[in-house]
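Hi everyone, thanks for having me. Could you pull up the sequence and the structure while I get going?

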Amino acid sequence: MMRAIALTDKEQLEYQERSIPKIDEHEILLKIHATGICGSDLRIYQNGDNRVTFPRVIGHEIAGDIIQTGKYVSSFHPGDRVTLWAHLPCGKCYYCQKNDSHFCIKGESIGYQIDGGFAQYMVLPRNFIEYGSIQRIADNTPYELASLSEPFACVLSGLHEVKINAGDTVIVYGAGAIGCMYIAAAKKMGAGKVIAVQRSKARQELAKQIGADIVIDPNKFNTSQIILEETGELGADVAIVTAPSVYVQNEALEIVRKKGRVLYFSGNKKITETPINTNQFIYKQLTVVGTHGAPRDLHVEAVKWIDEQLIDFTPFISDIFPLKDTKKAFQTALDKKGLKCVITPWK
Ligand SMILES: [Zn+2]
Ligand SMILES: [Zn+2]
């Protein structure tokens with residue numbers, strides 16, 4: 001038997017004893033050691049999702065050990081320590097053919113259409129083994145840190161779009177787990193000055209610890225004015241918006257310089273008719289991009305960053321919970337005081 005936490009309805013996480021899932025000859029059985037709670041898990045928990053039917057074990061930021069492989073699986077072996085990407089590509093559609101399989105037309109992901117990480121074991125299906133991304137991790141990489149490979153791949157995807165140049169001034173709106181990863185990675189990629197904009201006190205401190213040169217509290221200070229002062233009245237080179245706010249999305253367009261780059265990472269809770277001044281795009285010749293998920297090759301890259309400790313990943317995890325406390329972990333994540341909450345199903 002194994003332990004699992006199933007979402008049985010909105011806001012209903014239920015502790016269950018289930019039999020260990022059986023694999024067929026093309027599948028892998030994974031023993032799960034760490035699963036991070038993603039913003040999208042919180043959305044499924046609160047609002048449900050049209051791709052999720054209940055009961056479902058959600059969670060897609062996963063690291064663990066391969067313990068059993070079907071007889072036709074040749075690329076992995078029992079004992080392999082691995083971390084996963086989230087998508088289950090079909091391998092055949094337009095996007096799968098174009099290294100954009102995170103936009104696979106089937107739209108299947110771990111923890112959505114199949115059971116995911118808030119359990120002691122899970123099955124990795126054939127299409128995931130063939131077209132997804134299962135990456136071996138270094139012997140000394142802890143599972144908790146390895147579970148950051150999926151969200152960090154998404155961060156890298158954003159950074160590839162806006163391209164950080166040496167000396168760039170980069171503004172990061174929102175210093176949650178994703179915002180803090182942007183701060184640290186932008187620094188590593190050569191940003192000169194990284195300015196974080198964050199309302200909550202606790203996260204202001206974290207942003208500083210992680211390497212933000214300046215942290216602005218927008219409740220107390222005029223963000224645009226400080227950014228102009230810090231950039232010799234030019235404006236920032238890059239703005240990255242990880243906070244779900246239309247107001248901030250507009251401000252980002254104003255505080256970048258001419259030919260600046262703006263990345264929208266976080267969607268808005270409600271779709272509103274956002275009045276955006278498109279003249280900013282034109283007369284300032286801006287590059288404005290959004291990113292969602294990450295292509296498979298950037299998952300490979302993310303694992304490299306973690307294994308080689310190109311930045312210190314330990315501060316991004318603020319709370320680790322045993323499986324039985326998953327509900328508490330979700331509440332902690334919703335309270336937004338810390339950064340990433342991780343569940344360890346065997347502790
Ligand atoms: Zn995620
Ligand atoms: Zn596809």
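I'll go through one sheet and then some helix packing.

Quick housekeeping. What you see is a predicted model, where local features need pLDDT of at least 70, side-chain atom pairs count only at pLDDT 80 or more, and totals for chains, interfaces and linings use all residues. Residues are numbered from 1 along each chain as its sequence is written, while chains are lettered from A and ligands numbered from 1 in the order in which they are written.

When I say helix or strand, I mean DSSP runs numbered from the N terminus: H or I with at least four residues for helices, E with at least two for strands.

Okay, the sheet. There are six strands in an open sheet, paired in parallel, and the order reads 10-9-8-11-12-13. Strands pair here if DSSP finds at least two bridges between them. Who sits at the edges? Strand 10 (214-216) and strand 13 (287-290) do, and each has a single partner strand, so one side of each has no neighbour in the sheet. From one strand to the next, the twist averages 15°. Angles, by the way, run from 0 to 180 degrees between N-to-C directions, and axes are lines fitted to C-alpha atoms, for helices over the stretch in contact.

Let's zoom in on one pair. Strand 8 (residues 169-173) runs parallel to strand 9 (residues 193-197), and five bridges join them. One to find on your screen: Ile171 has Ile195 of strand 9 as its bridge partner.

Now, helix 8 packs on this sheet and touches strand 8, strand 9, strand 10 and strand 11 (236-241). Its direction makes about 175° with that of strand 9. Contact means C-beta atoms, placed from the backbone, within 7 Å.

Helix 8 (residues 223-230) also has helix 9 (residues 246-255) for company: their axes come within 10 Å and cross at roughly 25°. Helix 8 and helix 9 are therefore roughly parallel, the label for angles under 35 degrees; over 145 is roughly antiparallel, 65 to 115 roughly perpendicular, and the rest oblique. On the helix 8 side you'll find Thr223, Ser224 and Ile227, meeting Glu251, Glu254 and Ile255 of helix 9.

Last stop: helix 5 (residues 149-162) and helix 6 (residues 177-188), whose axes also come within 10 Å but cross at roughly 55°. That's why helix 5 counts as oblique to helix 6. Among the residues making this contact are Phe152 and Leu159 of helix 5 and Met181 and Tyr182 of helix 6.

Technical notes: Two residues are in contact if their C-beta atoms, placed from the backbone, lie within 7 Å.
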